[in-house]
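The following exercises introduce a single structure by way of tasks and worked solutions. The reader is invited to attempt each task before turning to its solution.

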Amino acid sequence: MRLLLLACLRAQTGNATTAGRIQDHLEAVGHICSLKDAFGYENPSEIANLISAEKFEAALAIHLYKGGRLLQGSRIPFGIIFGGTDINEDIKHEEKHRVMGAVLEEARFAVAFTEKMKELAAAEWPDARSKIYIQTQGIMTTPSATFNWKRFLQNAGIPQDTENVRLFLLICGLRRVKDPLYLVDVFSEWHRREPHIHLVIIGPAVDPQFTSEVNEKVNRTPGVHLLQEIPQDDLHAAVKRCFAVVNSSISEGMSAAILEAMDLDVPVLARNIPGNAAIIRHKDTGLLFTDPQEFVQLSKSLMNDPSLERKIVTKAKAYVKKHHSWECEREAYQNLVLKLQ
């Protein structure tokens, strides 16, 4: 089939990564899958013209509102993959809620990353329950063998005494829902007492205005550093060298950064929100914190208890291998797309 795949394709963001993976899954069995940036289109009529011009036979969209709204009234069958903010945030806005309900009614199927996400959607649109399938994110990590750790620290403005640095890495697109400033003040206080402790925030400038706020705050906060996104292979290599990966989001669908850290044998400290709690069992496959003070407390306990660190890393790796198999995800999407024939 000739398939259109609509997603928000800002570099190094979760939806873009997911879209590339799904495209690869579908092309592996002979489909022609054309990936298009949803931000490049204003309304369904533009997508209708694209479908006609490129003779697409079916479509997929990631994000029920941002991608799905463009397929309303489509002449070809389509499926939806929930993104996270659509179900966690956009659902609270009356007009977006109306549009998403109409899109879901037209869709042949929808994919939720977690049972919780499916239940949230089904509570709003009960008639759609039977067409919502649960498919967790598939994970494959590819750390670069040529990654330069010293240059990474230099670019972040961290002193080159690499033996003593304890680096926490927060990976996110810079937008408010990711709340990258949540831990900044408490982290800086900790850094003043223990100068070898550093937090690096890394990711693309998704929201320019908010990015300026983050820049301003970080520039006057010792111990906290901001870097632009880097290639995925280098990012995976950086994760392997850091002490822990941090997630402080207000809401998440399913964080690929968390799962990749687990796969790379690096402990995760994540804000205790439904999307994170769905993949982390506290003190078993990671650590969940409810406020900045608890984050510091848990971080120190992890640093001072090597047996806890080993337990978390071992169990997290096993969890990803069992529940987030890249091969299982591939098979699931190859089967789901048959519903569009």
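Helices (H or I, at least four residues) and strands (E, at least two) are DSSP runs, numbered from the N terminus. The model is predicted, so local features need pLDDT of at least 70 and side-chain atom pairs count only at pLDDT 80 or more, while totals for chains, interfaces and linings use all residues. Residues are numbered from 1 along each chain as its sequence is written, and side-chain values use heavy atoms, with hydrogens and water left out.

**Exercise 1. Positive phi**

Task: Locate D265 and H63, and state the phi and the burial of each.

Solution. Most residues other than glycine have a negative phi. D265 lies in the loop between helix 10 and strand 11. Its phi is positive, about 65°, although D265 is not a glycine. With a relative accessible area of 39%, D265 is partly exposed; buried means under 20% relative accessible area, exposed over 50%, and partly exposed in between (1.4 Å probe, protein chains only). H63 belongs to the loop between strand 3 (58-62) and strand 4 (78-81). H63 is not a glycine either, and has a positive phi of about 95°. Its relative accessibility is 1%, so H63 counts as buried.

**Exercise 2. The elements on either side of D265**

Task: Describe how helix 10 meets helix 13, and how strand 11 pairs with strand 10.

Solution. Begin with the helices. The axes of helix 10 (residues 256-263) and helix 13 (residues 306-323) come within 7 Å and cross at roughly 115°. Axes are lines fitted to C-alpha atoms, for helices over the stretch in contact, and angles run from 0 to 180 degrees between N-to-C directions. L259, M262 and D263 of helix 10 make the contact with A316, K317, Y319 and V320 of helix 13, where contact means heavy atoms within 4.5 Å.

Turn next to the strands. Strand 10 (residues 244-247) pairs with strand 11 (residues 268-271) in the parallel sense over three bridges; a pair requires that DSSP finds at least two bridges. V245 is placed opposite V268 in strand 11. From strand 11, V268 and A270 point one way, L269 and R271 point the other way, and all are buried.

**Exercise 3. The open sheet**

Task: Which strands stand at the edges of the open sheet of six strands?

Solution. The strand order is 2-1-3-4-5-6, with parallel pairing. Strand 2 (32-37) and strand 6 (132-134) are the edges; each has a single partner strand, so one side of each is left without a neighbour in the sheet. Neighbouring strands are turned by 20° against each other on average, direction ignored. Strand 1 (residues 2-7) runs parallel to strand 2 and is joined to it by six bridges. R2 stands opposite I32 in strand 2.

**Exercise 4. Buried residues of helix 7**

Task: Identify the buried residues of helix 7 and what they pack against.

Solution. Helix 7 (residues 184-193) has V184, V186, F187, S188, W190 and H191 buried. These pack against several elements, including strand 7 (166-171), strand 8 (197-202) and helix 12 (292-303).

**Exercise 5. Disulfides**

Task: How many disulfides does the whole structure hold?

Solution. A disulfide is a pair of cysteine sulfur atoms within 2.5 Å. A search of the whole structure finds zero. For C33, the closest cysteine sulfur is that of C8, 16 Å away and too far for a bond. For C172, the closest is that of C242, at 14 Å, also too far. C33 is buried at 4% relative accessible area, and C172 is buried at 8%.
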